[in-house]
Amino acid sequence: MTTTSHGVREVPVTEAVLEVDDLSVEFPTEDGTVRAVRGVGYRLGRGDSLGIVGESGSGKSVTALAVMGLLPGAARVRGSVRFEGTELLGLSDARLSDVRGNGIAMIFQDPMTSLNPVHPVGYQITETLRRHNPDLTSRAARARAVELLGTVGIPSPERRADTYPHEMSGGMRQRVVIAIAMANDPDVIIADEPTTALDVTVQAQILEALQAARAQTGAALVLITHDLGVVAGHTDRVAVMYAGRIVETGSVEDIFYTPRMPYTLGLLGSLPRLDREEERLTPITGSPPSLLNLPPGCPFAPRCPLRREACDSSEPPLRRAGHDAHLSACHFAGELVGTGAADVFDTAGADSEALARFADTPPSTHAEEDPA
Amino acid sequence: MTDTEAPGSAGTHLPPADHEFTVRYRSRTRLVLRRFVRHRAAMVSLVVFVLIVLWAFVGPHLWHYSYQKYTPDNSQAPSWKHPFGTNASGYDAYAQVMRGTQTSLKVAILIALGSTAVGAVWGAVAGFYRGVVDAIMMRVADLVLTLPLFAIALVISSRSGGSWYWIAAVIAGLTWAYVSRVVRSTVLSLREKEFVEAARALGASDPWIIFRHLLPNALGPVIVNATVLVATGILTETALSFVGFGVQPPDTSLGLLVSQAQTAVDTRPWLFYIPGFFIIAIALTINFIGDGLRDAFDPRQQRVRQ
Amino acid sequence: MLAYTVRRILVSIPVLIVSTFIVFLVVINSGDPVANFATSRQPAPSQAAVDAFARHIHADQPAAERYWNWITGVLHGDWGPSVQANLDIGHDLFTRFRVTVTLVAASLVIALIMAVIFGVFSAIRQYSAADYAITFFGFLFLAMPVFWFAVLLKQAGIWFNEQTGSQFLGTIGEKSPYLDVDTPWNRFTDHVGHLVLPTITLALVSFASWTRYTRASMLEVLNSDYVRLARAKGLRRGKVLVRHALRTALVPLTTVTALDVAIVLGGAVITETIFQWHGMGEMLVQSAQTVDVYRTMAWLLLSAVVVIGFNLVADLLYAVLDPRIRYD
């Protein structure tokens with residue numbers, strides 16, 4: 001299997017390894033039902049890479065956990081998740097755990113808490129190897145674990161295999177997590193904000209390790225992030241999520257150069273860019289809606305500078321914008337051709353707005369819960 | 001991305017500390033109250049507990065028998081005349097349980113108030129000044145924590161002569177160290193917060209910062225801890241009284257009543273069960289109230305994970 | 001490891017000295033045995049006899065000197081004079097310690113095992129009917145006064161014996177005064193029979209709080225990222241529970257157990273009083289009643305050593321079980 005080079009516009013027509021269709025997830029809470037994911041769908045061909053972008057609370061991580069079957073028991077999941085043609089939703093936990101870590105592997109956000117503090121890192125790798133390869137001897141598993149640690153760029157892996165997670169830095173720990181994910185040559189790796197908790201200087205190295213893992217296993221990648229910059233360099237296609245839905249999807253070029261959804265425009269506008277000098281950053285004001293009792297209409301409408309009457313009455317479906325592989329969920333997608341963020345979003349009010357919000361934010365950790 | 005907390009804006013746009021504190025405090029109180037009200041067991045417990053307190057303190061003034069007055073009826077089972085029956089000497093058990101509940105509650109509440117006051121100030125001062133002061137003060141607290149509460153209380157209160165405030169003082173003198181630990185750790189994390197920095201920048205004195213800023217913000221854990229202390233207090237006092245080192249006749253406490261009735265479980269069961277039920281009811285409701293408060297102050301435990 | 005142990009023991013010694021000194025001051029001021037002696041005897045003793053008594057129990061010495069003489073005496077096996085004539089405090093202490101230690105050890109072990117079973121079960125079945133039931137009974141037992149429950153159990157034991165026509169459940173004392181057929185087996189069953197009810201009593205309180213602690217600790221671990229990663233690796237629930245959750249969740253329980261040993265010792269005093277055991281509980285009650293300073297101090301010193309010992313063992317165990325803790 002070869003890695004797809006960046007910039008391939010067409011969706012490969014090879015068989016799909018992972019197909020997510022009309023997935024929805026609800027959490028019953030004391031205050032009512034939280035609709036965290038509302039009809040998300042994507043298709044991942046062999047070796048494909050898809051970036052899922054959105055603010056916290058947009059349903060990116062919940063979608064990933066739903067695919068893995070790792071949501072808490074209270075969650076209500078509907079729709080379809082097919083892995084190599086097999087429907088995963090409704091599968092018994094025993095059957096699912098044969099797929100987890102073998103067919104689909106996952107990397108979590110915080111390497112500081114992802115590894116068990118009481119087991120050496122080598123053990124935590126051999127554990128997954130031996131789970132899916134019962135015939136593997138402990139000696140062979142150990143050799144493979146050391147090899148994997150080397151692949152993800154851990155110096156003197158032979159010695160490091162016996163150390164405990166607390167003796168490693170965050171970056172090193174995330175490499176171990178990547179080694180665990182690639183251990184059984186999975187077909188899909190889902191990386192949930194793998195670099196968010198790390199220092200900026202380490203982020204690039206971790207993404208490199210992730211690329212090395214993909215190169216060796218040929219796995220398709222779902223890269224969940226809130227950082228458009230990460231997506232640009234590491235995936236072929238992008239899905240932008242907002243309020244539990246995909247609001248725009250297309251190739252990296254589609255999203256970056258011809259966005260057809262005001263929210264995507266806003267995200268791009270708040271991304272610092274070195275190639276255009278004079279532009280100021282244009283933040284999106286306001287905050288994402290509560291996923292409890294969503295009002296009818298477009299969920300982005302309250303923050304949208306292009307809001308019109310139609311936006312409040314019906315929620316726009318995800319439909320073709322430009323060409324077949326570029327979809328957008330905006331009533332007025334057609335009008336956005338050739339529009340930049342600065343044309344739509346206000347730059348002048350940005351700083352004062354941000355400061356006003358900061359002043360309203362209670363500094364206490366006990367204050368109002370995050371809507372996420 | 002709508003990341004509004006730009007690092008450059010942090011220091012400059014803080015409102016004056018006092019103003020900020022009151023606004024935040026009020027909204028947080030409302031929030032805590034709302035969460036507490038939704039905790040059903042805690043709300044029911046609060047009602048029951050308040051009713052018991054009212055009954056114990058107001059009831060004796062309305063009831064026609066005194067706890068220390070003989071009646072001509074000996075060893076009577078509960079009836080309309082004596083709802084909780086009478087004991088072998090003819091005392092009205094209803095009046096006695098009322099009095100015992102009152103004494104036990106007084107002791108428990110005094111323990112909670114006393115050790116909370118001492119412990120909170122002790123912990124706040126230690127956490128605020130840190131360094132040597134902290135080291136010395138916390139070693140003292142640790143030392144107190146190693147003393148076996150019940151045994152020491154038993155030894156000291158043998159001298160009390162049975163007065164309820166002395167028993168309360170002895171137990172509070174051994175339990176304040178728990179509070180000081182809790183408050184100290186909260187204060188240690190709070191003292192680096194912006195509003196403390198701001199208050200200091202405005203020239204506030206140390207006691208002002210401790211009492212106006214640190215302690216009110218440590219209120220959550222302190223209140224929760226106080227409920228635990230009420231429960232500990234009532235169980236310790238009744239146990240002491242049961243063994244004979246607590247409240248002494250002619251006064252009475254729930255523990256003393258159980259002790260006097262322990263040989264009569266078969267013959268006059270009402271004398272044994274009723275005061276026991278009251279101890280359980282008080283300790284149980286206060287624990288539920290504490291649990292509700294804990295959840296209300298720290299909602300993280302209930303959150304649906306995403 | 002050994003160096004760490006030795007250092008921990010050495011650190012414990014000054015703590016023990018300071019805390020026993022404070023306790024000593026408290027105890028000698030908690031009553032006046034000389035006045036007791038002077039007023040409680042019939043006929044009233046002469047002034048000379050009272051003075052001799054005060055000298056006998058060292059009541060005439062300054063506190064610091066008294067403490068020093070006592071603590072150095074203890075190191076040489078001399079536990080000081082009792083207010084009771086012909087009472088060897090050291091002998092008294094260790095005879096009673098042997099009685100109490102079975103009770104305390106049995107109830108600690110039972111409480112711990114039950115707490116782990118119920119706490120873990122409650123956590124993995126969170127919000128189930130069983131979880132609610134365990135939580136409710138946990139709260140109930142936490143609110144239950146030990147002495148009240150003990151009296152009830154005693155009644156239940158008497159009823160059980162009447163129903164079965166046996167004498168298996170002992171309700172008075174730590175053993176029967178005499179046995180009809182004195183064989184080792186009979187002696188053993190008699191001992192166990194007397195142990196049952198007091199052990200249940202004493203286990204109850206710590207069982208309730210440890211169950212709640214285990215449940216909370218287990219829930220935290222079950223919701224942790226590393227358990228989620230272990231599941232994402234494809235490990236089955238049971239395996240994750242045993243290999244990843246239990247170990248990390250139960251390690252902190254060692255510390256909690258050690259801290260609660262003092263509470264269990266206090267509970268033993270009440271339990272022994274109700275079941276009329278001739279153990280350390282009775283000793284403390286008697287010495288407090290008679291204002292017997294050295295007998296009280298002997299009790300407190302032994303319990304302090306036990307508590308410090310438990311904490312030391314817990315710390316060492318913690319260091320062995322949790323690789324994050326270093327002992328150097």
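This note goes through the predicted model in numbered points.

1. Residues are numbered from 1 along each chain as its sequence is written, and chains are lettered from A in the order in which they are written. In this predicted model, local features need pLDDT of at least 70 and side-chain atom pairs count only at pLDDT 80 or more, while totals for chains, interfaces and linings use all residues.

2. The largest nonpolar core (buried Ala, Val, Leu, Ile, Met, Phe, Trp, Tyr and Cys joined through C-beta atoms within 7 Å; buried is 20 or more other C-beta atoms within 10 Å) has 156 residues. Those with the most contacts inside it are B:Ala153, B:Leu154, B:Ala283 and C:Phe147. Helix H3 of chain B, residues 93–129, gives the most to this core, 17 residues (helices are DSSP runs of H or I, at least four residues; strands are runs of E, at least two).

3. Beyond its neighbours within four places in sequence, B:Ala283 is in contact (C-beta atoms within 7 Å) with B:Ala231, B:Ile234, B:Leu235 and C:Ala143. A second, separate core has 112 residues, among them A:Ile52 and C:Leu235.

4. In chain A, eight strands form an open, mixed sheet in the order S6-S7-S8-S3-S9-S10-S12-S11. Strands S6 (104–107) and S11 (319–321) of chain A stand at the edges with a single partner strand each (pairing takes at least two DSSP bridges), so one side of each has no neighbour in the sheet.

5. Strands S3 (residues 49–53) and S9 (residues 237–242) of chain A run parallel and are joined by four bridges. A:Gly51 stands opposite A:Val238 in S9(A).

How values were computed:
A residue is buried if 20 or more other C-beta atoms lie within 10 Å of its own, exposed if 12 or fewer, and partly exposed in between; C-beta atoms are placed from the backbone. Two residues are in contact if their C-beta atoms, placed from the backbone, lie within 7 Å.
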